[in-house]
Amino acid sequence: MGAADQRHFDALRAAHFPPDRNFLSAHITLLHQLPPSAHDELDRLVRRIAADTPPPAARLGAPYSLGRGVAFRVDSPELLVICERIADHFTGMLTAQDRGVPRLHITVQNKVTSATARDLLARLATDFRPRPLEITGLAAHHYRGGPWEDAFARKFRGPRR
């Protein structure tokens, strides 16, 4: 995300995500898991995508319940096209979770009681207004059994339309 959006959603996560489970900064997940053997190939593919793709248009949608957490919807057909391009490249390596169309979102709270989540959802929904969301690049992380390690991040550099 762009710097201002990143700060905003990181602050929401810091305020509402259980600290012992908040291992990542705010993000929009396109794919959940690829085998470690695909890392270099993913990096090469993402470099190509970032080089020829302009930042995708996106809108922040209303917050919604995750049951035991809260997320904001993200509406971005262009980001879904990018996700499809990556998924198509790794078709035989995708987990069942990654074979469908992702429901783009930014999680700001998870693994809390249902009552705590309902309270936050009500507060966030009160003054929510849809707005543009800046998407600046793609990143990957390594899961290390709790903490996550940055693998790479690439900024979109394609010409703006």
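Is Asp 43 buried or exposed? Asp 43 is buried, with a relative accessible area of 14%, where buried means under 20% relative accessible area, exposed over 50%, and partly exposed in between, using a 1.4 Å probe and protein chains only.

The model on screen is predicted, so local features need pLDDT of at least 70 and side-chain atom pairs count only at pLDDT 80 or more, while totals for chains, interfaces and linings use all residues. Residues are numbered from 1 along each chain as its sequence is written, and side-chain values use heavy atoms, with hydrogens and water left out.

**Stop 1: Asp 43 and its salt bridges**

Select Asp 43, whose place is in helix α2; helices (H or I, at least four residues) and strands (E, at least two) are DSSP runs, numbered from the N terminus. Leaving aside neighbours within four places in sequence, Asp 43 is in contact, meaning heavy atoms within 4.5 Å, with Phe 152 and Arg 154.

Add Arg 154 to the selection: the side chains of Asp 43 and Arg 154 meet in a salt bridge at 2.8 Å, N to O, a salt bridge being a side-chain nitrogen of Lys or Arg within 4 Å of a carboxyl oxygen of Asp or Glu. This pair links distant parts of the chain, with Asp 43 in helix α2 and Arg 154 in strand β6, 111 residues apart. Both Asp 43 and Arg 154 are buried.

Next add Arg 47, whose side chain meets that of Asp 43 in a salt bridge of 3.6 Å, N to O. Because Arg 47 and Asp 43 are four residues apart in helix α2, they are separated by about one helical turn. Arg 47 counts as partly exposed, at 45% relative accessibility. With these residues shown together, Asp 43, Arg 47 and Arg 154 can be seen as linked in a network of salt bridges. Side chains of opposite charge can pair when their charged atoms come close.

**Stop 2: Arg 85 and Asp 52**

By the rule already given, the count comes to five salt bridges; one of them to select now joins Arg 85 and Asp 52, the closest N and O atoms being 3.4 Å apart. Here too the pair links distant parts of the chain, Arg 85 lying in helix α3 and Asp 52 in helix α2, 33 residues apart. Arg 85 counts as partly exposed at 35% relative accessibility, and Asp 52 is partly exposed as well, with a relative accessible area of 45%.

**Stop 3: the nonpolar core**

Hide the charged side chains and select Phe 9, Ile 28, Ile 86, Ile 106 and Leu 133, which are the residues with the most contacts inside the largest nonpolar core, a set of 38 residues. A nonpolar core is a set of buried Ala, Val, Leu, Ile, Met, Phe, Trp, Tyr and Cys residues joined through side-chain atoms within 4.5 Å. The elements that give two or more residues to this core are α1 (3-16), α2 (39-52), β2 (70-75), α3 (77-89), β3, α4 and β5 (137-143), and α3 gives the most, with five residues. In soluble globular proteins, nonpolar side chains tend to be buried together.

Centre the view on Ile 28, which, not counting residues up to four places away in sequence, touches Met 1, Val 74, Leu 79, Leu 104, His 105, Ile 106, Leu 133 and Ile 135.

**Stop 4: strand β6 and a surface patch**

Move to Trp 148, in strand β6 (residues 148-155), which counts as partly exposed at 34% relative accessibility. Together with Phe 23 and Tyr 143, Trp 148 forms a nonpolar patch on the surface, with about 330 Å² of accessible area in total. Patches are made of residues with over 30% relative accessible area and no salt bridge, like charges being joined within 9 Å and nonpolar side chains (Val, Leu, Ile, Met, Phe, Trp, Tyr) within 5 Å, and accessible areas come from the Shrake-Rupley method with a 1.4 Å probe, only the protein chains shown counting as cover for residues.

In strand β6, select Asp 150, which counts as exposed at 60% relative accessibility. Its side chain makes a polar contact with the side chain of His 141 at 3.3 Å; a polar contact is a pair of N or O atoms within 3.5 Å, where within protein one must be able to donate a hydrogen and the other to accept it, and residues adjacent in sequence count only if both atoms are side-chain atoms.

**Stop 5: two loop residues**

Finish with Arg 99, in the loop between α3 and β3, whose side chain reaches the backbone oxygen of Leu 94 at 3.1 Å, and with Lys 111, in the loop between β3 (105-109) and α4 (114-126). Phi of Lys 111 is near 65°, a positive value in a residue other than glycine.
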